[in-house]
Amino acid sequence: MAGLFEDIGDTLFENKTVLEEEYEPDNILERDDEIEEYRHSLKDVLYGRNPSNVMLYGKAGVGKTAVTTHVLDELQHAAEQQDAADDLYVHRYNCNDETVFSAVRELVNRLLPDHASEFPKRGLSTGNALKELYKQLERVGGTHLVVLDEIDHLEKADSLLYELPRARANDHLEDAKIGIIGISNNYTFRNRLSAKVKDTLQEDEISFPTYDANELRTILHDRAKKALVEDGYDDSAVAKAAALAAQDTGSARQAIDLLRKGTEIAEREDAGTVQDDHIGRAREEVNRGRLRDKIADQSLHARHVLEAVAHIEHDGDTPVRSKKVMATYQQIAEKRGDDPLTTLQSIRNHLEDLQMLGFLIRNEVNQGQSGGRSYTHELDMDPSVVFEACNELDKQGEV
């Protein structure tokens, strides 16, 4: 009897890791302008000065995190060579579905000496956690850059963005210096911050536009050379993956996924090279998978709101007003075992975010002589994708 894997032929992948999400490229392509802005914003670190706060905006897959990793690695190397620079510490934290207390607690625990007990999860306030954070920052000294990825998902982010930049002015820090780097997919995030936070933050803002087809082609050709065997792909297949991604999201991640999935399809069919047809058939699989990933990236209550609109869409009752969305949302939250949000404005905020991210279509309703603005919403994808993603997350205990 033949073995299960005996008929596996030659692979088209030379180094498949290059096409995986965790891969960090040695060279960042097609982001020279953004890197230069970043470099200018952080140069004060090399002179022992207070670092600037920086906010990065752009859709998922446009290089924000990769550029941040590259720039901060270079900055740390330069700081080690520069006599005027303090010791530099970089703290990365993903804010998805987190509170200010949990974020500060995590930073404290990373700074504590090895023999110390962890800062407790319960029984103390955010103020207590901040006090301990300042104590540990002073103990360690140097310059600290706090990278807050998905900062728009941090509950009550205002308070943290107000406290940390004022730490030295309020005499919480004397020797240590601290700067914030916020990364967000949400261009409207800053608009929600209070005026006093905006005045305190005084951040440098770097916007990451989506890639065009030519830029994606450059990125993909570089990845293909490293990831696939020689003569294992047609140049036209790379160009097609770049063009499809540029037409859709402008995301390098989507373009790379199309190339990876197209190569897997070519291998399944024992094709000698990746061709245009393989990329075309990969599109549906990748798009469905990326939609599931995008849903998983949303905050807990944003997913519940999206699922509510999906149920209403499935029942044929869209476009729908926010009040009806809220009623369905509350039923879903309770079914999932979560305490629902209680204000209509919070639901409207989530609907606005979901519309901006491409999950929903928003329609303005004519109010007639009464004036004012009113909106209805409908889903901009197959409801089954939302149901699949939310049910899968529920089984994993993530909802």
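**Close-up views of a predicted model**

**View 1. Val18 and the residues around it.** Leaving out residues up to four places away in sequence, Val18 touches Tyr23, Arg223, Lys226 and Ala227. This model is predicted, so please read each legend with that in mind. Where along the chain should you look for Val18? It sits in the segment before H1. Is Val18 buried or exposed? Its relative accessible area is 2%, and Val18 is therefore buried, since buried means under 20%. For a sense of distance, try finding Val386 as well: Val18 and Val386 are 368 residues apart in sequence, and their C-alpha atoms are 29 Å apart in space.

**View 2. Arg31, a buried arginine.** Arg31 is found in the segment before helix H1, which covers residues 32–42. With a relative accessible area of 2%, Arg31 is buried. What does the side chain of Arg31 reach at 2.9 Å? The partner is the backbone oxygen of Val62. Once residues up to four places away in sequence are set aside, Arg31 touches Val62, Val67, Phe208, Pro209, Thr210 and Tyr211.

**View 3. Leu148 in strand S3.** Leu148 belongs to strand S3, a strand made of residues 143–149. Its relative accessibility is 1%, so Leu148 counts as buried. Which residues surround it? Apart from neighbours within four places in sequence, Leu148 is in contact with Tyr93, Cys95, Leu160, Ile180, Ile181, Gly182 and Ile183. Val104 is another residue to look for: it is 44 residues from Leu148 in sequence, and 11 Å from it in space, C-alpha to C-alpha.

**View 4. Two loop residues with positive phi.** Start with Glu150, in the loop between strand S3 (143–149) and helix H5 (157–163). Glu150 is not a glycine, yet its phi is positive, at about 55 degrees. Now move to Asp171, in the loop between H5 and strand S4 (177–184). Asp171 is also a residue other than glycine, and its phi is near 65 degrees, a positive value. Which of these loop residues is buried, and which is exposed? Glu150 has 15% relative accessibility and so counts as buried, whereas Asp171, at 69%, counts as exposed.

**View 5. A cis peptide bond at Pro319.** Pro319 lies in the loop between H11 and strand S6 (320–321). What kind of peptide bond joins Thr318 and Pro319? The bond is cis, with omega at about 0 degrees.

**View 6. Helices H11 and H12.** Two packed helices are described by the angle between their axes and the distance between the axes. Helix H11 covers residues 300–314 and helix H12 covers residues 322–335; their axes come within 8 Å and cross at roughly 115 degrees. H11 and H12 are therefore roughly perpendicular to each other. Their crossing is right-handed. On the H11 side, the residues that meet H12 are His301, His304, Val305, Glu307, Ala308, Val309, His311 and Ile312. Their partners in H12 are Lys324, Val325, Thr328, Tyr329, Ile332 and Ala333. Sorted by class, this contact has eight nonpolar, four polar and two charged residues.

**View 7. Helices H12 and H13.** Here H12 appears again, this time with helix H13, residues 344–356. How are these two helices placed? Their axes come within 10 Å and cross at roughly 100 degrees, so H12 and H13 are roughly perpendicular to each other. From H12, the residues Ser322, Lys323, Val325, Met326 and Tyr329 meet Leu344, Ile347, Arg348 and Leu351 of H13. By class, the contact of H12 with H13 has six nonpolar, one polar and two charged residues.

**View 8. Helices H10 and H14.** Helix H10 (residues 276–297) packs against helix H14 (residues 383–395) at an angle of about 55 degrees, and their axes are 9 Å apart. H10 and H14 are therefore oblique to each other. The crossing of this pair, H10 and H14, is right-handed. H10 brings Arg288, Leu291, Arg292, Ile295 and Ala296 to the contact. H14 brings Ser384, Val385, Val386, Glu388, Ala389, Cys390, Glu392 and Leu393. By class, this contact has eight nonpolar, one polar and four charged residues.

Conventions:
Residues numbered from 1 in each chain as written. Predicted model: local features only at pLDDT ≥ 70, side-chain atom pairs only at ≥ 80, totals over all residues. Heavy atoms only, no water. Axes fitted to C-alpha atoms, helices over the stretch in contact; angles between N-to-C directions. Helix = DSSP H or I, 4+ residues; strand = E, 2+ residues; numbered from the N terminus. Parallel < 35°, antiparallel > 145°, perpendicular 65-115°, else oblique. Left-handed = near helix turned anticlockwise from the far one by under 90°. Contact = heavy atoms within 4.5 Å. Nonpolar A, V, L, I, M, F, W, Y, C, P; charged D, E, K, R; others polar. Buried < 20%, exposed > 50% of the residue type's maximum accessible area, 1.4 Å probe, protein only. Polar contact = N/O pair within 3.5 Å; in protein donor to acceptor, adjacent residues only side chain to side chain.
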